[in-house]
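The following questions and answers introduce one protein model to a reader who has not met it before. Please look over the sequence and the structure before reading on.

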Amino acid sequence: MTTHGPVMPVWSCGGCDLPWPCPTRKRELCAEYADAPVSLALYLGAYLVQATEDMPWTPAGVLHRRFLGWTRESGHLMPVVQQGGAATVPAEPGRDEPSPGPLTSRRA
């Protein structure tokens, strides 16, 4: 059991008083969810929802980076996407992607 749990409603760390999740808790979570990145995202997403209710003055982007963004930055969370029955890894940003099909006009 970790001492680096969230202290609500201020969302500081109970172990070191840094904003939660603190660097120590992030390392613990990476180890705990090493084989389950989607579960980690769901776990942190639930806390993100609670934090948005507790801190409505905090911009959504700031909270998203704090609770979920670090998982992408560390390379820990790279979900697999199902496309036509085959599992593929999402394209990296900046790569050429196929152009969309022809646009159709809509009647009013």
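The exchanges below treat the core, the cysteines, the aromatic rings and the last helix in turn.

This is a predicted model, in which local features need pLDDT of at least 70 and side-chain atom pairs count only at pLDDT 80 or more, while totals for chains, interfaces and linings use all residues. Residues are numbered from 1 along each chain as its sequence is written, and side-chain values use heavy atoms, with hydrogens and water left out.

Q: Which helix gives the largest share of the largest nonpolar core?
A: A nonpolar core is a set of buried Ala, Val, Leu, Ile, Met, Phe, Trp, Tyr and Cys residues joined through side-chain atoms within 4.5 Å; buried means under 20% relative accessible area, exposed over 50%, and partly exposed in between, with a 1.4 Å probe and protein chains only. The largest such core has 16 residues, and Trp11, Trp20, Leu29, Leu40, Leu44 and Phe67 have the most contacts inside it. Two or more residues come from each of helix H2 (37-54) and helix H3 (60-73), where helices (H or I, at least four residues) and strands (E, at least two) are DSSP runs numbered from the N terminus. The largest share, five residues, is given by H2.

Q: How many disulfides does the structure hold?
A: A disulfide is a pair of cysteine sulfur atoms within 2.5 Å. The sulfur of cysteine 13 has its closest cysteine sulfur in cysteine 22, at 3.6 Å, which is too far for a bond. Both residues are nevertheless buried, cysteine 13 at 2% relative accessibility and cysteine 22 at 1%. The number of disulfides is zero.

Q: How far apart in sequence are the parts tied together by the pair of tryptophan 11 and tyrosine 47?
A: Rings of Phe, Tyr and Trp (its six-membered ring) pair if their centres lie within 6.5 Å; planes under 30 degrees apart count as stacked, over 60 as edge-to-face and the rest as tilted. Tryptophan 11 and tyrosine 47 are edge-to-face, at 5.7 Å centre to centre with 75° between the planes. Tryptophan 11 is buried at 1%, and tyrosine 47 is buried at 17%. Because tryptophan 11 lies in the loop between strand S1 (6-7) and strand S2 (12-13) and tyrosine 47 in helix H2, the parts tied together are separated in sequence by 36 residues.

Q: Which helix holds the phenylalanine that pairs with tryptophan 11?
A: Tryptophan 11 also forms an edge-to-face pair with phenylalanine 67, at 5.4 Å centre to centre and 80° between the planes. Phenylalanine 67 is buried, at 0% relative accessibility. Tryptophan 11 is in the loop between S1 and S2, so this pair ties together parts 56 residues apart in sequence, and the helix holding phenylalanine 67 is H3.

Q: At which residue does H3 bend?
A: The buried residues of H3 are Leu63, Phe67, Leu68, Gly69, Trp70 and Thr71. They pack against helix H1 (23-32) and H2. The bend at a residue is the angle between axes fitted to the seven residues ending there and the seven starting there. In H3 that angle is about 50°, at phenylalanine 67.

Q: Is arginine 72 buried, exposed or partly exposed?
A: Arginine 72 has its place in helix H3. Its C-alpha atom is separated by 10.0 Å from that of alanine 41, which is 31 residues away along the chain. With a relative accessibility of 47%, arginine 72 counts as partly exposed.

Definitions and conventions:
Contact = heavy atoms within 4.5 Å.
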